[in-house]
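Subject: Handover of a structure

Dear colleague,

Please find below the structure that I am passing on to you. I would be grateful if you could keep it open while reading the notes that come after it.

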Amino acid sequence: MQPFAWRQGTLHAEDVSVAAIAAEVGTPFYCYSTAKLEAQYLDFAGSLTGLDTIVCYSVKANSNQAVLATLARLGAGADVVSAGEMMRALQAGIPAGRIVFSGVGKTAAELDAALAAGIYQFNVESIPELHALSARAVAGGHTAPVALRVNPDVDAGTHDKISTGREHDKFGIAWADVPGTYAAAAALPGLDVAGVDIHIGSQLTSLDPLATAFGRVADLVRSLRDAGHRIDRIDLGGGLGVDYGNLKASPPRAADYGALARRIVGNLGCTLLFEPGRRIVAEAGILVAAVTYVKESAGRQFVILDAAMNDLMRPALYDSHHEIVPVAQPDKGVALLPVDVVGPVCESTDSFAKDRPLPPLKAGDLVAFQTAGAYGAVMSGTYNTRPLVPEVLVSGHRFAIVRRRMEVADILALDSVPSWVGDASDERRGAAE
Ligand SMILES: *Cc1c(COP(=O)(O)O)cnc(C)c1O
């Protein structure tokens, strides 16, 4: 399904005019399609029919409460990487029994919160974390269900900054240390060591590295069982990529991904967990911005938007490509001219696209960044004291603001000025010099 398309010459999100939303909420804003969110989730989950699975949507891809609640309604679990994300998942109606907690740096307070909530599984990434979890569990009278995140040393063939399963990446337990770490875990009180977990990277556009990694996991489960460990859960992580408009071949279909998992680990008698993020939400979102100025300089044309790298960080962070379309459908046959599309932030990296062929744009025109539903709003910040932009959810002909626009006053309210600042009689100032 195509959730964002021109109709009667103007971009629509499902049945709602994007320009009409802009008129009501202002720009920039993120806009999500309920129908696409649901279709993507059901496509993924449907590829696993008949298997004993929990699809733990990776909350970090898009953690808006309305997005989480939409997925919760379809039966999604959650993969969280902080206590904050766990609270978001719980508040959106995802039961604790369908939540897994990943990440290399869970603090004692976070472990306590997750133990108290009674989550399904801790994905533990190191021996120090095992000791910490054991201690917190014993102190609280809990038994913590544990999977060890192992590092299968597979290059996911994706961008360096989103590869996580190679030997030198910070994630998981190095392959050679895996047997010893399971033995150490089994000897600790307060832990129920029940699973194996991997996540080799994000935006994977080939199934080959996943096939290799899944195969290593299957071998590992067999050898751990031989060593006396009762392993009945496998968490295969996330990472399934999407087409940002610049892929040469189509990304793997969910059906083929599901078939791969079924073939390689489906017969081990384990509950299978999946942590898809991007695949569920990326194509369900756009970022809408307005053109502030069009500037000619040294033979280049710069289209300066009211959105910036703080609103959509992926191009600055990973050189990512996002298709940019004008909200007003261009006339047929109009000449496309290469322009640089930039934001107003005082950084050269605040550039969304270079030499991008676009139809003529002028101040006030609206544009939409496509495939912006994942790692978009969640990564935004307030650099340059730019308030976080609103998020809007569309369903059919309805839309609702699901995160209000932050005000500058909200940002300023977090700061405070100590009483001694500006007080010339204060001696600490002199003492510090
Ligand atoms: C980020 C992350 C995911 C989700 O990755 P996607 O590429 O968005 O599917 C899943 N699991 C873990 C542990 C992650 O860190």
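The notes below set out what was found, beginning with how the values were obtained.

This is a predicted model, in which local features need pLDDT of at least 70 and side-chain atom pairs count only at pLDDT 80 or more, whereas totals for chains, interfaces and linings use all residues. Residues are numbered from 1 along each chain as its sequence is written, and side-chain values use heavy atoms, with hydrogens and water left out.

The largest pocket

The largest pocket (on a 1 Å grid over the protein atoms alone, an open set of points with protein on both sides within 12 Å along at least five of seven lines) holds about 700 Å³ of space. That volume is the space filled by probe spheres set on the grid points, which are joined across faces, edges and corners. The lining, meaning residues with an atom within 4 Å of a point, consists of 39 residues, and those nearest the centre are Ser58, Lys60, Val81, Glu85 and Tyr375. It divides into 13 nonpolar, 13 polar and 13 charged residues; here Ala, Val, Leu, Ile, Met, Phe, Trp, Tyr, Cys and Pro count as nonpolar, Asp, Glu, Lys and Arg as charged, and the others, Gly among them, as polar.

Helix 4 (83-91), helix 10 (278-281) and strand 21 (398-403) each supply at least two residues of this lining, and helix 4 gives the most, with three. Helices (H or I, at least four residues) and strands (E, at least two) are DSSP runs, numbered from the N terminus.

Backbone features

Most residues other than glycine have a negative phi, and most peptide bonds are trans. In this model, the peptide bond from threonine 27 to proline 28 is cis, with omega near -5°. Proline 28 is placed in the loop between helix 1 (18-25) and strand 4 (29-33).

Aspartate 153, although not a glycine, has a positive phi of about 55°. This aspartate belongs to the loop between strand 9 (144-151) and strand 10 (173-174). Glutamine 203, also not a glycine, has a positive phi of about 55°, and sits in the loop between strand 11 (191-197) and helix 8 (208-226).

Is each of these two side by side with solvent or covered, that is, buried (under 20% relative accessible area), exposed (over 50%) or partly exposed (in between), with a 1.4 Å probe and protein chains only? Aspartate 153 counts as partly exposed because its relative accessible area is 37%, while glutamine 203 counts as buried because its value is 14%.

The surface

Val417, Trp420 and Val421 form a nonpolar patch on the surface, with about 320 Å² of accessible area together. Such a patch joins nonpolar side chains (Val, Leu, Ile, Met, Phe, Trp, Tyr) within 5 Å, from residues with over 30% relative accessible area and no salt bridge; a salt bridge is a side-chain nitrogen of Lys or Arg within 4 Å of a carboxyl oxygen of Asp or Glu. Areas come from the Shrake-Rupley method with a 1.4 Å probe. Valine 421 lies in the loop between helix 12 (408-412) and helix 13 (427-432), and is partly exposed because its relative accessibility is 46%.

Separations along the chain and in space

Methionine 1, in the segment before strand 1 (4-7), is exposed, with a relative accessible area of 55%. Its C-alpha atom is 8.0 Å from that of alanine 39, 38 residues away along the chain.

Yours sincerely

Terms used
Patches are made of residues with over 30% relative accessible area and no salt bridge: like charges are joined within 9 Å, nonpolar side chains (Val, Leu, Ile, Met, Phe, Trp, Tyr) within 5 Å. On a 1 Å grid over the protein atoms alone, a cavity is a set of points where a 1.4 Å probe fits but cannot get out, and a pocket is an open set with protein on both sides within 12 Å along at least five of seven lines; lining residues have an atom within 4 Å of a point.
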